[in-house]
Structures are given as C-alpha cells and as structure tokens.
Amino acid sequence: MKPQHLVVVVNPQSGTKRGLSVLDQVRPVFKDAGIELDIRSTQHRGHALEIARTVDLNASDGICVIGGDGTVHEVANGLMQRQEPTSVPLGIIPAGTGNTLAEHLQCIDPVDAARRIVAGAIQPLDVIQVTMQDRIVHCVDLVGWGAVADINGTAEKLRLLGTIRYSVATLWQVLLAKRRRARLVLDDQEFVGEFLFIVACNPRFAGPRMMLAPHADLGDGRIDVIVVRTATRWEMLKLFVKVFNGTHLALNFVEYHQVRSFAIESESDDAMDLDGEMKGHAPIAA
C-alpha cells in the first residue's frame with residue numbers, strides 16, 4: 001500500500017555531512033506523490049534511537065532513515081525498544097559512507113530509494129538479537145569479531161577519506177591481522193581454536209561494494225557466517241581482492257555457514273563490530 005504519511009529521521013552528519021542535501025534531493029519525490037513528511041533531524045549520537053523509540057507512529061505509514069549504516073542501526077534498535085511492538089515499514093535512503101543494506105537492495109541512489117518507498121515496495125528484514133554481558137543490541141547488518149572489528153575500528157579513524165577508508169583500513173589490517181583463541185558455536189556445532197576473524201552478515205555486503213556474504217538473503221531467517229581461522233598475509237590479500245565480486249568463497253581457508261544462531265567466546269577482551277558500531281565485547285550470543 002502506498003504511504004500517505006512518513007516519519008523521516010535525517011542524520012546531517014552522515015557520510016561527508018550530506019544528510020540534509022540528500023533530503024533536499026528526495027523531498028520533491030514525496031511532495032509529488034502527496035506524501036506528508038514529519039522530518040526529525042538528529043542532533044547527537046544516539047538521537048536517532050531516541051526518536052525511533054519514542055515518536056508517535058500511530059498516524060504514520062512508515063519511518064524512513066536518511067543516513068548511513070550507523071543511523072539505520074540506531075533506528076532499528078529504537079523500534080525494537082518501543083514499549084508496544086510496531087510493524088511499520090522501515091525505509092532506507094542512503095546518505096552515508098557505508099550503505100550496505102542499500103547495496104544489497106541495489107538501490108544506492110537516494111532518489112531511486114525514495115521512489116521505491118513512494119511505490120510502497122516492501123520486503124522482510126531479519127534482525128539479529130545480540131546478547132552480551134551488559135546489554136542486548138539488535139543488528140540488521142553484521143556482527144564482526146577479530147580482524148573485521150579491527151578493520152572497522154581503523155576505518156572510524158579515517159572518516160575524512162570517505163568510502164575509500166574501508167579499503168585502506170582493510171589493507172592495513174592485512175599486515176597486522178593476528179589470530180585469537182575463541183570458542184565458536186554455530187547452531188549445535190562447537191569449534192574451539194584460533195581464528196583471524198568471524199563475521200555474521202545479514203546483507204550480501206559488508207562495506208562499499210565488498211560482497212562478503214554473496215548468498216545472503218535479508219529475510220530468510222538465517223545468518224550467513226564467514227570464518228577465517230588462519231591465513232598468510234598473501235592469502236589475506238587475495239581474499240581482499242576477491243571479496244569485491246564474491247569469489248573469495250573459493251579460497252580453501254574461507255568457511256561459509258548459514259545458521260539460525262551463533263555464539264562467540266574469546267579468551268581476550270576483544271571489541272565487537274555491531275552494524276559498523278564498536279559496541280561491547282565478547283562473549284556474545286545471537
């Protein structure tokens with residue numbers, strides 16, 4: 001059903017601070033369709049979550065996000081934390097340096113995304129509930145541990161480079177990647193040993209054009225988990241080159257699993273990458 005009223009959460013700081021300019025691009029699309037917009041501009045980190053958790057959605061046909069993966073993450077968590085469950089659609093209009101859900105949907109152009117929303121196009125979206133010692137976080141993108149989290153932590157320090165920061169951070173971590181000892185549980189299978197990284201994906205992409213989970217489906221109820229236990233720097237470089245078209249799965253040191261639950265217990269105090277946000281530490285269960 002075509003929407004008549006939408007709440008729009010805009011992050012002015014997304015990407016290279018282009019959230020408001022993207023709003024100006026898409027506003028005519030909604031106006032021409034006769035859709036009323038309730039614009040909410042974020043003022044600080046965590047504000048998008050607050051808006052999504054508390055805004056009145058009774059008269060709205062959906063809530064839209066103009067921002068990157070971090071803003072989508074906040075809005076998704078806000079919706080999951082509402083006192084009363086809601087089933088309103090979540091619209092995504094990409095405006096960040098990382099737009100992995102939009103990449104998966106082949107809808108990276110903001111105007112195209114707005115047109116799809118106007119047309120009422122919807123599809124299921126899985127949510128990964130990640131339980132840690134001190135909190136529960138909901139993810140719609142990825143859950144990363146090991147080198148994947150290290151890459152994201154490095155990329156956060158390189159925001160001025162824009163989308164290329166992920167590639168630069170990945171190449172840097174190829175040189176520094178270290179194995180960590182952990183216990184990994186995939187459904188009812190347990191693996192104990194050393195790992196370079198473990199990453200659970202909802203969309204196919206885990207960075208600009210990096211097709212880390214080529215078989216992923218946003219709404220199939222399964223989590224696509226990629227595991228690398230050990231690899232030389234040369235092998236990691238080969239993985240980096242091949243990840244842009246998904247052919248890295250042919251490498252014999254890359255494991256690919258589709259599961260409904262997983263858990264990671266680490267012997268060291270390792271940070272987690274949750275939808276591109278550095279939040280909490282292992283152990284986690286999802």
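**A cavity and a helix pair**

Q: What volume does the largest cavity have?
A: In this predicted model, the largest cavity comes to about 30 Å³. The structure holds one cavity of 30 Å³ or more.

Q: What makes this space a cavity rather than a pocket?
A: A 1.4 Å probe has to fit but be unable to get out, whereas a pocket is open. The space of about 30 Å³ is listed as a cavity, so the probe fits there and can't escape.

Q: How do you know which residues line the largest cavity?
A: A lining residue needs an atom within 4 Å of a cavity point. Gly67, Gly68, Asp69, Val72, Ile92, Pro94, Asn99, Thr100, Leu101 and Ala102 make the list, so each of them has such an atom. Helix 4 (69-80), strand 4 (90-94) and helix 5 (100-104) each give two or more residues, with helix 5 supplying the largest share, three.

Q: What makes four residues of the lining count as polar?
A: Gly counts as polar, and so do Asn and Thr, because they are on neither the nonpolar nor the charged list. Gly67, Gly68, Asn99 and Thr100 are in the lining, which fits the split of five nonpolar, four polar and one charged.

Q: How do you know that helix 2 and helix 6 pack, and at what angle?
A: Helix 2 (residues 19-32) and helix 6 (residues 110-118) have axes 9 Å apart, at about 35°. Val22, Gln25, Val26, Val29 and Phe30 of helix 2 meet Pro110, Val111, Ala114, Arg115, Ile117 and Val118 of helix 6. By class, that contact has nine nonpolar, one polar and one charged residue.

Q: Why is the crossing of helix 2 and helix 6 called right-handed?
A: The label goes to a near helix turned clockwise from the far one. Helix 2 passes helix 6 in just such a right-handed crossing.

Definitions and conventions
Residues are numbered from 1 along each chain as its sequence is written. This is a predicted model: local features need pLDDT of at least 70, side-chain atom pairs count only at pLDDT 80 or more; totals for chains, interfaces and linings use all residues. Side-chain values use heavy atoms; hydrogens and water are left out. Axes are lines fitted to C-alpha atoms, for helices over the stretch in contact, and angles run from 0 to 180 degrees between N-to-C directions. Helices (H or I, at least four residues) and strands (E, at least two) are DSSP runs, numbered from the N terminus. Contact means heavy atoms within 4.5 Å. On a 1 Å grid over the protein atoms alone, a cavity is a set of points where a 1.4 Å probe fits but cannot get out, and a pocket is an open set with protein on both sides within 12 Å along at least five of seven lines; lining residues have an atom within 4 Å of a point. Grid points are joined across faces, edges and corners, and a volume is the space filled by probe spheres set on the points.
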